[in-house]
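The report below describes a two-chain assembly by its architecture, its interface and its charged pairs. Cut-offs are given where each term is introduced.

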Amino acid sequence: MIGPDFERVLEAARTGDPEGLERIYRELAPAVLGYLRGQGVADPEDLAGEVFVALVERIRGFRGDERALRSFVFTIAHHRLVDARRRERRRRDLAADPHELAAAVGPVGDVAEEAMQALGTAWALRALDALTPDQRAVVLLRVLGDLSVAEVARILGKTRGAVKTLQRRGLAALARSIERQAVSG
Amino acid sequence: MRRADDSWGEMHHPTSERLEQVLAGDAPEDEETAHLAAAVRRLRTGLLEAPSEAVAARHLAAMTAAARAATPSLVHRRSPMRVLTGRRAAVVALAAAMTLTGGLAWAGALPTPAQDAIAGVASHLGLDLPSSDDRAPAAEHGAEVSQVAQDPSLEGCEKGQAVAAVASEKSEEHRQDPAEKQDPCTQGDEGPGASTERSPGPPDGVPADPSIPEQAPAGPPEGVPAANAPAAP
């Protein structure tokens, strides 16, 4: 959280002040990058860069508090994701497969390393792959974006009830994944 | 002990409030929420990662460049559409003014404020219309002529000559040879019947000065009203 400095930081960012822009970037970049990575984007870092450039272009028109800015940034991120998916489909490119990405994490050395990886990116990508696209979007926006049900509903264009249902099913699927791992371990 | 095919969603039904607590990371760890809380933690651990410094530097450079590109366009630059609109408005205003004033603006004959306003608009379009500044000398000149004409200390031929002299000052500035004028008041007293409206040329029977170019008579012949005088050839 930027906290009490938020108004000053936002005003600085509006004028193009590099320090203000960097404060906002450092605060939100990990979550945006995580959201795009969790969605299986082929090049999440490039797309995250597009998201923040788009934020700079629109920040003059933004009004609201820190929480609203967070929601604003994830709205941009989600729209960029949808655009990127359309582009990928048009080009008949191979969309990033979470399984392939998980495999690309690297070979597993020993038990400790295996346990760490299970807790890391590979597990997350595998677990998310078991969800439907809508469930994945809701879970990621709620868990990584730290957004409310209402904010997620607005970003995805769904009702609150639909978001709650998707959230419950998505989280249940993730819990089952942990449960299976515990049983098999 | 749970079976291997135990389905978490079928066994546990946490309330919405409980789910919110789990997502916020402050739910009490119990059997119902343990796996759920673990899943949320692992998602965050696995995916929430700050970009590398190289990536962050690249992103921040792009953001700064975007901010620089956005700032002048909003503050300083005037869009071509706005320039076009302003020019079009000027053309419309001038056309309307010209229509309403019937060309008086071109002659510089409008009242001073209107003339100045129209001259200002026209100057934006590269047109040169007279303004009040251009008219000021003419107005002063008229006042001078009027003052001499009303001067009670002058009479007869002298008064006529004085008025004519002041009135023709402007044209004499453009005349090539003003020194060759003759003073009709010094060419003999023709008595009380002599008209000051007569031509300033030589009297009948006196040969004209060859150095003065021959000109048509300036006034009508004697006894012919000026209004009916034939037009000069």
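In what follows, a residue is called buried when its relative accessible area is under 20%, exposed when over 50%, and partly exposed in between, with a 1.4 Å probe and protein chains only. The model is predicted, and therefore local features need pLDDT of at least 70 and side-chain atom pairs count only at pLDDT 80 or more, whereas totals for chains, interfaces and linings use all residues. Residues are numbered from 1 along each chain as its sequence is written, chains are lettered from A and ligands numbered from 1 in the order in which they are written, and side-chain values use heavy atoms, with hydrogens and water left out.

**Chain architecture**

Helices (H or I, at least four residues) and strands (E, at least two) are taken as DSSP runs and numbered from the N terminus. On this basis chain A has 10 helices and 0 strands, and chain B likewise comes to 10 helices and 0 strands. Of the 185 residues of chain A, 50% count as buried, while for the 233 residues of chain B the figure is 22%. A contact means heavy atoms within 4.5 Å. Among contacts in chain A between residues at least 6 apart in sequence, 63% join residues at least 24 apart; in chain B, residues 24 or more positions apart account for 33% of the contacts with a separation of 6 or more.

Two helices of chain A can be checked against the expected span, which is 1.5 Å times one less than the number of residues. Helix H4(A), residues 66-90, has 25 residues and reaches 36 Å from its first C-alpha to its last, close to the expected 36 Å. For the 15 residues of H3(A), the end C-alpha atoms are 21 Å apart, in agreement with the expected 21 Å. The buried residues of H4(A) include Leu69(A), Val73(A), Phe74(A), Ile76(A) and Leu81(A), but also Glu66(A), Arg70(A) and Glu88(A). These buried residues of H4(A) pack against helices H1, H2, H3, H8 and H9 of chain A, and H3(A) has buried residues of its own, among them Leu47(A), Val51(A), Phe52(A) and Leu55(A).

**The interface between the chains**

The contact takes 41 residues from chain B and 47 residues from chain A. Buried area, the accessible area (1.4 Å probe) that two parts lose on being put together, summed over both, is about 3,900 Å² between chain B and chain A, with carbon and sulfur atoms giving 67%. Arg42(B), Leu47(B) and Met63(B) supply 20% of the area that chain B buries against chain A, more than any other three residues.

One residue of chain A that touches both chains is Gln167(A), which lies in helix H10 (residues 160-184) and is buried, with a relative accessible area of 4%. Not counting residues up to four places away in sequence, Gln167(A) touches Val138(A), Val139(A), Arg142(A), Val149(A), Leu19(B), Glu20(B) and Leu23(B).

**Charged pairs**

A salt bridge is counted when a side-chain nitrogen of Lys or Arg is within 4 Å of a carboxyl oxygen of Asp or Glu. The count is 11 over all chains, and 4 salt bridges lie between chain B and chain A. Four examples follow.

| Pair | Closest N and O atoms |
|---|---|
| Glu11(A) and Arg14(A) | 3.0 Å |
| Lys158(A) and Asp134(A) | 3.2 Å |
| Glu20(B) and Arg142(A) | 2.5 Å |
| Arg58(B) and Asp46(A) | 3.2 Å |

Glu11(A) and Arg14(A) both lie in helix H1 of chain A, 3 residues apart, about one turn of the helix. Glu11(A) is partly exposed at 42% relative accessible area, whereas Arg14(A) is buried at 14%. Lys158(A), in the loop between H9 and H10 of chain A, is partly exposed at 29%, and its partner Asp134(A) is also partly exposed, at 36%. The pair from Glu20(B) in helix H2 of chain B to Arg142(A) in helix H8 of chain A crosses between chains; Glu20(B) is partly exposed at 31%, while Arg142(A) is buried at 7%. Salt bridges that share partners also join Glu22(A), Arg26(A) and Glu53(B) into one network.

**A backbone exception**

Most residues other than glycine have a negative phi. Asp146(A), although not a glycine, has a positive phi of about 60°. Asp146(A) is found in the loop between H8 and H9 of chain A and is partly exposed, with a relative accessible area of 41%.
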